[in-house]
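Here's a short set of exercises to work through with the model open beside you. Try each task before reading its solution.

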Amino acid sequence: MKQFILSILIMSICTTSSILAQNIELPPSQKTGGKPLMTALNERRSTREFSTKELNNQQLSNLLWAAWGYNRSDKRTAPSSMNKQELDVYVVTKAGIYLYDAKKNVLVEKVKGDFRAQTGKQAFAATAPLNLVYVADLNKMTPASKESKIATANINCGFVAQNVYLYCASEGLGTVVRGYVDREKLAKTMQLSSNQVIIVAQTIGFPK
Ligand SMILES: Cc1cc2nc3c(=O)[nH]c(=O)nc-3n(C[C@H](O)[C@H](O)[C@H](O)COP(=O)(O)O)c2cc1C
């Protein structure tokens, strides 16, 4: 009898936690189309006024693939020093904070709730539909000093941010990469470990 009650209890805990974790399966990203590269470069710019209109899941999938998706079996749309691929892209929406799993094309829920305001010290971060937070996992990198690892991660992250700029220019979306972030506070909210460092954030949305 005791065993029966225990198994019912375990089953109900498992069911509850899978209901609580609201992972988002993205549609396959579209890898063709868009504006010609030279046009996208000509239209790349920073935008700081966004409407509250949401991106749909197809746009989100395409954006994240352009940013840091796999374009070969184990390599990505942006380079990384010694192919360490230490960067993780977190997606912050009004629903929660998610980790982009590029292999599965899934957003893995990390924290429920609206923490957009914490992704930056500028007001638009709180109301734009989407903020990306780029986090380097220093444990994935070649042994070196913390400063040297962060310097390398900063460069690697620049390629990802530029991919997002070009995707946004191509799709008529607005974006701005942002270093003006309270990293300590945000890292706590995101439940990052000591080897994870926030590099920059990037707001994305429809320009107002
Ligand atoms: C590493 C980095 C950090 C930045 N941080 C911010 C920021 O915190 N807030 C902001 O509004 N713009 C930020 N920017 C955007 C720059 O201000 C912008 O790129 C610059 O003014 C040139 O404008 P453009 O991007 O339209 O060419 C940052 C850009 C870079 C590369």
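**Exercise 1. Check the span of helix H3 against the expected value at 1.5 Å a residue.**

Solution. Start with the rule: the expected span is 1.5 Å times one less than the number of residues. H3 has twelve residues, so it should span 16 Å, and its end C-alpha atoms are indeed 16 Å apart, which agrees. Helices here are DSSP runs of H or I with at least four residues, strands are E runs of at least two, and both are numbered from the N terminus.

A word on the source: this is a predicted model, in which local features need pLDDT of at least 70 and side-chain atom pairs count only at pLDDT 80 or more, while totals for chains, interfaces and linings use all residues. Residues are numbered from 1 along each chain as its sequence is written.

**Exercise 2. Work out which residues of H3 are buried, and what they pack against.**

Solution. First, the cut-offs: a residue is buried if 20 or more other C-beta atoms lie within 10 Å of its own, exposed if 12 or fewer, and partly exposed in between, with C-beta atoms placed from the backbone. Next, apply them: Leu60, Ser61, Asn62, Leu63, Leu64, Trp65, Ala66, Ala67 and Trp68 are buried. That's nine of the twelve, so H3 is largely enclosed by the rest of the structure. Finally, look at the neighbours: these buried residues pack against E2, E3, H5 and E7, where contact means C-beta atoms, placed from the backbone, within 7 Å.

**Exercise 3. Find the strand order of the open sheet and its edge strands.**

Solution. Two strands pair if DSSP finds at least two bridges between them. Tracing the seven strands gives E1-E4-E3-E2-E5-E7-E6, with antiparallel pairing. E1 (24-25) and E6 sit at the edges with a single partner strand each, so one side of each has no neighbour in the sheet. Now zoom in on E7 (residues 196-205): E6 (residues 174-178) pairs with E7 over five antiparallel bridges, and valine 177 stands opposite glutamine 202 in E7. E5 (residues 130-137) pairs with E7 over seven bridges, also in the antiparallel sense.

**Exercise 4. Which strand gives the most to the shell around the ligand?**

Solution. List the surrounding residues: Arg45, Ser46, Arg48, Gln122, Val176, Val177, Arg178, Gly179, Tyr180 and Val200, taking near as a C-beta atom, placed from the backbone, within 6 Å. E6 gives the most, with three residues. Four of the five residues of E6 are buried, so E6 is largely enclosed by the rest of the structure.

Definitions and conventions: Two residues are in contact if their C-beta atoms, placed from the backbone, lie within 7 Å.
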